[in-house]
Amino acid sequence: MSESPLAHRAVLLEEALAALAIRADGVYADLTFGRGGHSRAILERLGPAGRLIALDRDPQAVAAARAIADPRFSITHAPFSELDQVLDLLGVKQLHGVLADLGVSSPQLEDASRGFSFRADGPLDMRMDPTRGVSAADWLATATEQQIREAIASYGEERFAKQVAKAIVAARAREPIRRTEQLAAVVAAAVRKREARREAGKDPATRTFQALRILVNRELEEVALMLPQAIARLAPGGRLAVISFHSLEDRLVKRFLRACTESGLPADLPIRASDLPEPPLRILGKPVRASPAEVAANPRARSATLRAAERSGAVLDPAVLHRAFSEHGPDAWRS
């Protein structure tokens, strides 16, 4: 399949590079190579002693990365929740910057054979790594109506999750739901009478497809597992930049970073703020969103949010990360 121009357009490119404050001799990690827009820009700013380590769970993205013939660059087929293992295998102890561009990539969305989109018919797969895990079709074939309803309500924030789940179970009793076109039609029929109350211009299948994609790929769990590893690997002064595309993952990132910028001591202690232990992270500015010009050129950027933080020179207390993970781990987006 030929890829559209959008397939190669990195979201918030200049803003991400500014957040990373790339040093020529630094060691950086791009946790979601995609088609390499961010990675190539980072390499352009690195000197001969610099190094870029890229990961991606999508075999097609890894294959695209193999085309980069640069001794400063390496690519590993792995989800970013395995950052520690990858760095250990490469003999890398610390990083000067970590970039994580979350969510689904444009090539994945635009390839009907991957099953991510309801806009073109294809197999209902949705796995970012087709070599691992269970497809969306297989999950829908065995999940209970309650499980389907909870997934669509939680991961898709769908108001009509009960009606959609009931319709899916009724439809699969007639024939297996194996195609994106089938699922989209079932969802549309389930909410057709309520269309006037939905967002203008949004397809009725949008939230259900998002929910199944997040569930199949364990997207929120992946983010929650990645963040402590990334923070622990940052050298003092190192930067973390995370680009999210929906409120669930952005909420998780925001709360986790905030937890790592706190001292962990009760706020009512009779201690001056200057006497409190330095937290491991310092949040850099406010969240950054795409400009109107970028959104016009790349509609996918409309929902993007960039959050960045800098590692302090304080000794990293494992208890801080444990607290942040326990309080802001995979279920942090629920509240």
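**Close-ups of a predicted model**

**View 1. Glu157 counts as partly exposed because its relative accessibility is 34%, between the 20% and 50% cut-offs.** As with everything shown here, this is a predicted model. Glu157 sits in the loop that runs between helix H7 (145–156) and helix H8 (161–174). Check the backbone here: phi is positive, about 50 degrees, although Glu157 is not a glycine. For context, most residues other than glycine have a negative phi.

**View 2. Ala21 is another non-glycine residue with a positive phi, this one about 45 degrees.** Look for Ala21 in the loop between helix H1 (13–20) and strand S1 (27–30). Is Ala21 buried or exposed? Neither label applies: at 43% relative accessibility, Ala21 falls in the range between 20% and 50%, so it counts as partly exposed.

**View 3. Arg207, in helix H10 (residues 206–217), reaches a backbone oxygen with its side chain.** The oxygen in question belongs to Gly156, and the distance is 3.4 Å. Which residue has its C-alpha atom 5.9 Å from that of Arg207, despite being 49 residues away along the chain? That would be Glu158. Arg207 is charged, yet it counts as buried, because its relative accessibility of 16% is under the 20% cut-off.

**View 4. Ser39 in helix H2 (residues 37–45) has no relative accessibility at all, at 0%.** With that value under 20%, Ser39 counts as buried, so look for it beneath its neighbours rather than on the outside. What does Ser39 touch once neighbours within four places in sequence are set aside? The contacts are Asp30, Phe33, Leu52, Ala54 and Phe73.

**View 5. The largest cavity has a volume of about 440 Å³.** How many cavities of 30 Å³ or more are there? The count comes to one. Its lining takes in 35 residues, and those that lie nearest the centre are Thr32, Gly34, Asp101, Gly103 and Ser105. Three helices each supply at least two lining residues: H2, helix H5 (106–110) and helix H11 (219–233). Sorted by class, the lining has 15 nonpolar, 10 polar and 10 charged residues.

**View 6. The second largest pocket has a volume of about 190 Å³.** What sort of residues make up its lining? Six are charged, three are nonpolar and two are polar. Arginines in the lining include Arg57, Arg127, Arg132 and Arg218, and the acidic side is represented by residues including Asp129 and Glu222. Pro79, Met128 and Val216 are there too, along with Gly133 and Asn217.

**View 7. Zoomed back out, the protein has 14 helices and eight strands.** Handy to keep in mind while hopping between the close-ups: of the 335 residues, 52% count as buried. The protein exposes about 15,500 Å², with carbon and sulfur atoms supplying 53% of that area. As for how the chain meets itself, take the contacts with a separation of 6 or more: residues 24 or more positions apart account for 72% of them.

Terms used: Residues are numbered from 1 along each chain as its sequence is written. This is a predicted model: local features need pLDDT of at least 70, side-chain atom pairs count only at pLDDT 80 or more; totals for chains, interfaces and linings use all residues. Side-chain values use heavy atoms; hydrogens and water are left out. On a 1 Å grid over the protein atoms alone, a cavity is a set of points where a 1.4 Å probe fits but cannot get out, and a pocket is an open set with protein on both sides within 12 Å along at least five of seven lines; lining residues have an atom within 4 Å of a point. Grid points are joined across faces, edges and corners, and a volume is the space filled by probe spheres set on the points. Helices (H or I, at least four residues) and strands (E, at least two) are DSSP runs, numbered from the N terminus. Buried means under 20% relative accessible area, exposed over 50%, partly exposed in between (1.4 Å probe, protein chains only). Contact means heavy atoms within 4.5 Å. Accessible areas come from the Shrake-Rupley method with a 1.4 Å probe; for residues, only the protein chains shown count as cover. A polar contact is a pair of N or O atoms within 3.5 Å; within protein, one must be able to donate a hydrogen and the other to accept it, and residues adjacent in sequence count only if both atoms are side-chain atoms.
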